[in-house]
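Visitor: Hi! I'm new to this one and would like a friendly tour. Could you show me the structure first?

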Amino acid sequence: MINFYHALAGFSGVSFMASTEKTERPSELFIDLHVKYIQSLDTKKDDLEYWLTEHLRLSGVYWGLTALDLMNNVDALNKEEVVKYVVSCQHDNGGFGGHIGHDPHLLYTHYAVLILQIEDSLDAVNVEKIVEYVASRQDRQTGAFTGDEWGEIDTRFSYSAISCLSLLKRLDAIDVKKATEFIMLCKNFDGGFGSTPGAESHAAQIFCCVGALAIVNSLHLVDADLLGWWLCERQLKNGGLNGRPEKLEDVCYSWWVLSALSILGRVHWINKEKLTDFILTAQVSFTHLFMIGNFHLKALLLTA
Amino acid sequence: MHGRKRVKPTAEVEKLRKEKEASKIKEYNGIVAACLEKKNKCEFDNEAFILTTKILSQNPDFYTIWNFRRSILLNEISEDCSEEEKQQKFSSELLFLQEVFRHNPKSYWIFNHRQWCLDTMPNPDWKSELDLVSKMLDMDARNFHGWNYRRYVISKLSCIDSNALNLSKTEFDFTTAKINQNFSNYSAWHQRSKLLPKLVEDEQLGDQGKKPLIDQEIRHISILGAYYDSQNYQIILAFDDEIGMLTPFQVAYKNDTSQLNIVEGHWRSVSGSSDVDRMHGFVWIFTLNIESSFNELFVTVKPEWIVPSNSEVKLVSNIQMHCQLPEQNKDTLILMPPQTVAENTTILSTASRFREDILPMTMQERINLLKREIATVKELQEIEPESKWCLQTLLILLRELKYISELNTEESKNIDEEVITICDQLINIDKIRTKRFEDLRSRAIFETATNNLIQVSPNAQQEIIFRDNRLFMSEKSQLPTFTLTNRNLTIIPTPSILLHIRILDLSYNKLTSTIFLSNLIHLQEADFRDNCISSINGVNNLRFLRVLNVQSNLIESWEAVRNGFVKWQGGECKVYVSGNSFINESDGKKLKWEKEMDKIEFCY
């Protein structure tokens, strides 16, 4: 047992300093620049990277759109075009692929519903078919969800399914109790959650599990003090957050970690000022494709 | 993709890059278009296979192409194909995957495909897979894809290897080796946490003797009592510890034919300020949907979804409680101590963090272990006084000790005081997480102050008199008061324990919200002078509230005050507001005030 505590002692502050350039720290969010950046994303057709990430196109639309929404600029992307694009990603079985012609998958089905919700255009698709597809992803024995017919299991998919059906007000289509049981099998000694039973705690998985449990009213199963502790230890000396112990910080973790803490009522356990500093500085120093705007803004919104 | 620095290139460099990429883009798009065309036409031939190889070598995240590749393989092995040929195909596939993995060690899709191959091929070589994943973890000991894959391989091996214990032991030794390589390998420690219970369980297979001992020693949560508030059609249950609940209780009444009829209603806890905190509580209120009065009600507890806060739980048995009103005086409520309630009054068994599936010990052995651990960590702490981890570990251990041992008030208080000291040290050492330590400190202070606040003497019946629409706890204290001032309190962790309090004084603290007051329905006076409150919340259903003092706080607008009294259910109430910046505004008059709010008098 003592080794366990030695281990905790070992996870000391050997935090890696972020390799930020010595730029002056901006004091504001450059909203106009972010809007323009998001609008420009679909024009980068002479970048090989643009083509190599086609399978992420639908998710990219969501992250861009939700960032714009936070900046009160949803109309910066043409609504009709967005809806038309989303609809064109749907398959006969109700599921959506990451791009036109790409195979259906639970992740992208969830993104599709999120986008249509923002654009208030759920009537553009066959909702019942979506419900059918999502429900079919659940293994009724274990409660777990597969991503697609090829069978990968992950709590990310549990969240995608629960969130998606919750938005469509059709949680009745799945076995919620079993789904919850599976999520709880993924709970770890540190209060966190992994992708599958036995997997290590990771901020993104924690967001998925805590989010799912919140939606189905089972937050009492979470050890909020213990998990809140693990989450607030993600903040490094430079104010940024990492995804798990001894790893580097990244702006995307601002979102995963903060939103989980917020659901648990412990967002004040993170130092708001240092995180804000980090995010604003990251506007000029780091890049993370199209996700940057969304994560920035969502994180800042939570710390406001 | 993470942590990549963006460097602004020169126009010259940009131009060169674009030219170079233009041909690559054309080639790539060409292959993709050809491949997808074959897929749409269901052409599962070798040409298609080669196209998928080209695409996936460059872009292993293109999941649709992996799907197509699998379809092609399935098509190939479904035709006249010998076992040897199948094995050969998949062996080549595994080699291809290794190649792709070298450049992309963190792709979900590569691991998925590998698993699919092994699950589909005639003779997978699990030992060789184990070697492979060991090499992967040598390259990157924190790659969680690798660790997940390792667990998958081990689970397959344990199916064919009858000596499961040996496998757990070998794995355990693997984690030891990894930790010796790098002490901070959290992934290895995590794996260890999963193996330890398995090891114990495996070793325990022959030793049935210890189990009953453990069951006996486990701490129980008791129902302190139950009463029925006929004025409000509510059943109120009080426990001696916080529990979480999701409608496992069933309330029923007996009709003339002695049949039990379920009463519809809903449960809520008298608790906290956030969604998750409202899921726990000492006190739970069940509000009946129908307006009838009953002579007796039966409350049944079902073994589902009841958990003590922050602990694992096992439910022992069903419980039935019986709430009865005496014939003569329907307004008299009786709080029934456990002994007068139905047979099995202990409804839950709870294992602490020292779960019996980790170590088969008696409670006393566990207490001794904890004390030894505390002593050891304290030694460490003397060597490394600036180590926040030593101090945080002590916090866990002390809390555990307090929780599982039956401490008297003095010992309990000593632990709380030690916790407070440690929190103060941590605030100095780790300035980023100050607010968490302030919350932990507040919890310790609050627990000391509320120790034995709700008491039940096992031999006597404690009476609650319900008269003139009010609840009286005992004859002596007709107006129960709770005071905790000047203690830097940032939170009230378990407000439900204050349900019976009439006069509350929490002045000169650092509370930021009053929302925890909601459901403290007997409150008459609340003093929050000199705190950090920015808006009034949680008071609008406190029917008996007559005085609310929020002087010298951080309220900046009339709106923040007004919003707290929307749908005000009480009578006349004086609210003291001086010392807040908003009182300098006269804009309060411009806001819309509902008629009920006329009963609120703002005093300066």
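Guide: Happy to! This is a predicted model. Let's begin where two chains come together: R156(A) lies over the face of Y108(B), 4.0 Å from the ring centre.

Visitor: Nice. And which ring does R150(B) lie over?

Guide: That would be F174(B); R150(B) lies over its face, at 3.4 Å from the ring centre.

Visitor: How many aromatic pairs are there over all chains?

Guide: The structure holds 30 of them over all chains. Take F111(B) and Y149(B): their ring centres are 5.6 Å apart and their planes stand at 55°, so the pair is tilted.

Visitor: Where in chain B do F111(B) and Y149(B) lie?

Guide: F111(B) is in helix 5 (residues 108-120) and Y149(B) is in helix 7 (residues 144-160), so the pair ties together parts of chain B that are 38 residues apart in sequence.

Visitor: Are F111(B) and Y149(B) buried or exposed?

Guide: Both F111(B) and Y149(B) are buried. Another pair is W558(B) with F582(B): the centres are 4.9 Å apart and the planes are at 85°, so this one is edge-to-face. W558(B) lies in helix 15 (residues 558-562), while F582(B) lies in the loop between strand 20 (573-576) and strand 21 (600-603), so the pair ties together parts of chain B 24 residues apart in sequence. W558(B) and F582(B) are buried too.

Visitor: Which residues form one aromatic cluster?

Guide: Its members come from chains A and B, among them Y62(A), W63(A), Y108(A), W255(A), Y63(B) and W109(B).

Visitor: Changing topic: how many disulfides are there over all chains?

Guide: The count comes to zero.

Visitor: Why is there no bond from C186(A) to C209(A)?

Guide: Because the two sulfurs are 5.9 Å apart, which is too far for a bond; a disulfide needs them within 2.5 Å. C209(A) holds the closest cysteine sulfur to that of C186(A). At 0% relative accessibility, C186(A) counts as buried.

Visitor: And what about C117(B)?

Guide: The closest cysteine sulfur to that of C117(B) is in C81(B), 14 Å away, so that is too far as well. C117(B) is also buried, at 0% relative accessibility.

Visitor: Last thing: how many helices and strands does chain B have?

Guide: Chain B comes to 15 helices and 21 strands. Of its 604 residues, 49% count as buried. Among the contacts in chain B with a separation of 6 or more, 60% join residues 24 or more positions apart.

Visitor: And the accessible surface of chain B?

Guide: About 29,700 Å², with 49% of that belonging to carbon and sulfur atoms.

Methods. Residues are numbered from 1 along each chain as its sequence is written. Chains are lettered from A and ligands numbered from 1 in the order in which they are written. This is a predicted model: local features need pLDDT of at least 70, side-chain atom pairs count only at pLDDT 80 or more; totals for chains, interfaces and linings use all residues. Side-chain values use heavy atoms; hydrogens and water are left out. Buried means under 20% relative accessible area, exposed over 50%, partly exposed in between (1.4 Å probe, protein chains only). Rings of Phe, Tyr and Trp (its six-membered ring) pair if their centres lie within 6.5 Å; planes under 30 degrees apart count as stacked, over 60 as edge-to-face and the rest as tilted. Helices (H or I, at least four residues) and strands (E, at least two) are DSSP runs, numbered from the N terminus. A charge sits over a ring if NZ of Lys or CZ of Arg is within 6 Å of the ring centre and within 35 degrees of the ring normal. Contact means heavy atoms within 4.5 Å. Accessible areas come from the Shrake-Rupley method with a 1.4 Å probe; for residues, only the protein chains shown count as cover.
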